[in-house]
Amino acid sequence: MLLAGGGEATAAAFELEEATIDSIHRAFGAGELTCRGLVELYLRRIASLDPALHAVIELDPDGALAAADRADAAARSRSSALPPLHGIPVLLKDNIAAAGPLNATAGSLAMVGSRPERDAGVVERLRNAGAVLLGTASLSEWCNFRGPGIPAGWSPRGGQGKNPYVPSATPCSSSSGSAIAAAANMAAMTIGTETDGSIMCPSSYNSVVGIKPTVGLTSRAGVIIISPRMDTVGPITRTVSDAVCVLEAIVGYDDRDAEATRKASQYIPEGGYRQFLNIDGLRSKRLGILRKDFFRFPSGSVQEKVFSDHFDIMSKMGAILVDNLEIPSMNVINDAVQSGERALMLAEFKLSLNSYLSELATSPVRSLSDIINFNNKHPIEERMAEFGQDYLIQSEATNGIGRTEERAIARLNKLCKRGLGKVMQDNQLDAIVAPGASAHSLLAIGGYPAITIPAGYASNGVPFAICFGGLKGSEPKLIEVAYSFEQATKVRKPPSLQHSVI
């Protein structure tokens, strides 16, 4: 229990651990907590925990407290209805630009000092929804696209992110800091990005809820991305309800990411996403269990028993389980070279990064080539002897979308149509079910959505998740299934943080 107070409010006890958007708003309404007091609590918790966890790269305490004061003043005036994320503190993954003093660097020292002309599209929507920006969360440098073999969650700016449950375990990449911070109650909500697994995997390993939206549902404007085909921005929180509240706030058309957001805006339901927080949402849903290539656990293992129990619960909740399904060519889909994914990512990364850099108000680097040169000039800080920068060099050697990339696109489209698309259609599925982030490439190559939810804890204490995925625009069904499952199982527990001192 920590004490919160600020402004004219007297200090009042507020349970920060596992606080939700609803519980925070109730405390605001009851006069038990101010937004300034809440921001101070989170800043204090970050100061206490982050030296051990390395979840946060940069904070803007002055900006956050000023925004909190404005939120408190708006609440006192009661001149209009308060926005849905009124006074809720958020951490952004460090590849998402925000106007003001914060750097958005993708973990790279080369990007320190860069400033955007304006907020990223999702940041603009978060601020309009009333959110208070605390700072930036750590990540795998360049969203895990600098080169192979670099530890998940490491960057020269953020250091090595640590799993709050088992510090020796991977936090998984690349939205590692966002997931660590959410798990350890260092922010009310966090934002991550995913190309291929970067929301799903850290959410799984850090026992939090991650929503990977349909590509284009959320804008990528003002975000350092790898692939326009696959990259998406989504929430990482402790509950499905909170994740859905954040999702609802950040979706929508953005003229700076016009093609993708226009196409995906057709999927946004009238009345928003919160209407699908249905405790009976599993009933009559056809769920395809991807046994082969996915559910591979030793006989008698914790995971084997837990998933068996979860399937029983789903059946009792009225779900129709279609078992032993197989996705054709999973060996190809899981091999980025064979599928064409790597070739496309290398070309798209250079195009996307150079475009992002060209739009910055100020920046010490203006091209991928500049970044490669910076790394060569700073080999110790960037740990070049250990990690190199193979993907950056390979990306720099590309020259836009040519025949190689067009063949890769055609191959990926064929894998999607004959893979998830066919299995979903042939079996009339509402969603597929897979453990953890095991279906990340299957869902990435088609820009498909997924929700990852805590499922259990292995014998060594490392969390694992269950994933519900579907075709483009299937978020309403996925939310119903995920929320119903979460409420029936209530698996998540906060980390003990015995290795840290609060």
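Tutor: Before we start on this predicted model, recall that a residue counts as buried under 20% relative accessible area, as exposed over 50%, and as partly exposed in between.

Student: With that cut-off in mind, is Glu40 buried, exposed or partly exposed?
Tutor: The relative accessible area of Glu40 is 25%. Since the class between buried and exposed runs from 20% to 50%, this value places Glu40 in that middle class, and the residue is therefore partly exposed.

Student: Which residue forms a salt bridge with Glu40, the closest N and O atoms being 3.3 Å apart?
Tutor: The partner is sought within helix α2 (residues 35-53), where the two residues stand four apart and are thus separated by about one helical turn. The partner is itself partly exposed, with a relative accessible area of 22%. The residue that pairs with Glu40 at 3.3 Å between the closest N and O atoms is Arg36.

Student: How far apart, N to O, are the side chains of Asp254 and Arg256 in their salt bridge?
Tutor: The two ends of this pair differ in their surroundings, because Asp254 is buried at 9% relative accessible area, whereas Arg256 counts as partly exposed at 32%. Side chains of opposite charge can pair when their charged atoms come close. For Asp254 and Arg256 the N to O distance is 4.0 Å.

Student: How many residues apart are Lys350 and Glu396?
Tutor: The side chains of Lys350 and Glu396 meet in a salt bridge at 3.9 Å, N to O. This pair links distant parts of the chain, with Lys350 in helix α12 (residues 341-358) and Glu396 in helix α15 (residues 390-396), so that, given how the helices are numbered from the N terminus, the two sit in separate elements. Lys350 is buried at 16%, while Glu396 is partly exposed at 26%. Along the chain, the separation of Lys350 and Glu396 is 46 residues.

Student: How many salt bridges does the count come to?
Tutor: The pairs discussed above, including Arg36 with Glu40 and Lys350 with Glu396, meet the salt-bridge rule. By this rule, the count comes to 23.

Student: What percentage of the chain is helix over residues 38-438?
Tutor: An unreviewed UniProt entry lists residues 38-438 as "domain: Amidase", an annotation that may be inferred rather than shown by experiment. Over this range the end C-alpha atoms lie 36 Å apart and strand makes up 12% of the chain. The helix content over the range is 40%.

Student: Which strand is joined to β13 by four bridges?
Tutor: Strand β13 (residues 431-435) is largely enclosed by the rest of the structure, because five of its five residues are buried. Ala431, Val433 and Pro435 cover one side, and Ile432 and Ala434 the other. Strand β11 (residues 286-289) pairs with β13 in the parallel sense over three bridges, whereas the antiparallel neighbour joined by four bridges is β15.

Student: In β15, which residue is the bridge partner of Ile432?
Tutor: For the parallel neighbour, the β13 residue that bridges to Leu287 is Ala431. Turning to β15 (residues 463-469), which runs antiparallel to β13, the bridge partner of Ile432 is Gly469.

Student: With the side chain of which residue does the side chain of Ser173 make a polar contact?
Tutor: Ser173 lies in the loop between β7 (159-160) and α5 (176-183), and Ser173 is buried, with a relative accessible area of 11%. Residues that Ser173 touches include Ser140, Gly197, Ser198 and Cys201. The side chain that makes a polar contact with Ser173, at 3.3 Å, belongs to Asn144.

Terms used: Residues numbered from 1 in each chain as written. Predicted model: local features only at pLDDT ≥ 70, side-chain atom pairs only at ≥ 80, totals over all residues. Heavy atoms only, no water. Buried < 20%, exposed > 50% of the residue type's maximum accessible area, 1.4 Å probe, protein only. Pairing = 2+ DSSP bridges. Polar contact = N/O pair within 3.5 Å; in protein donor to acceptor, adjacent residues only side chain to side chain. Contact = heavy atoms within 4.5 Å. Lists of a residue's contacts leave out its neighbours within four places in sequence.
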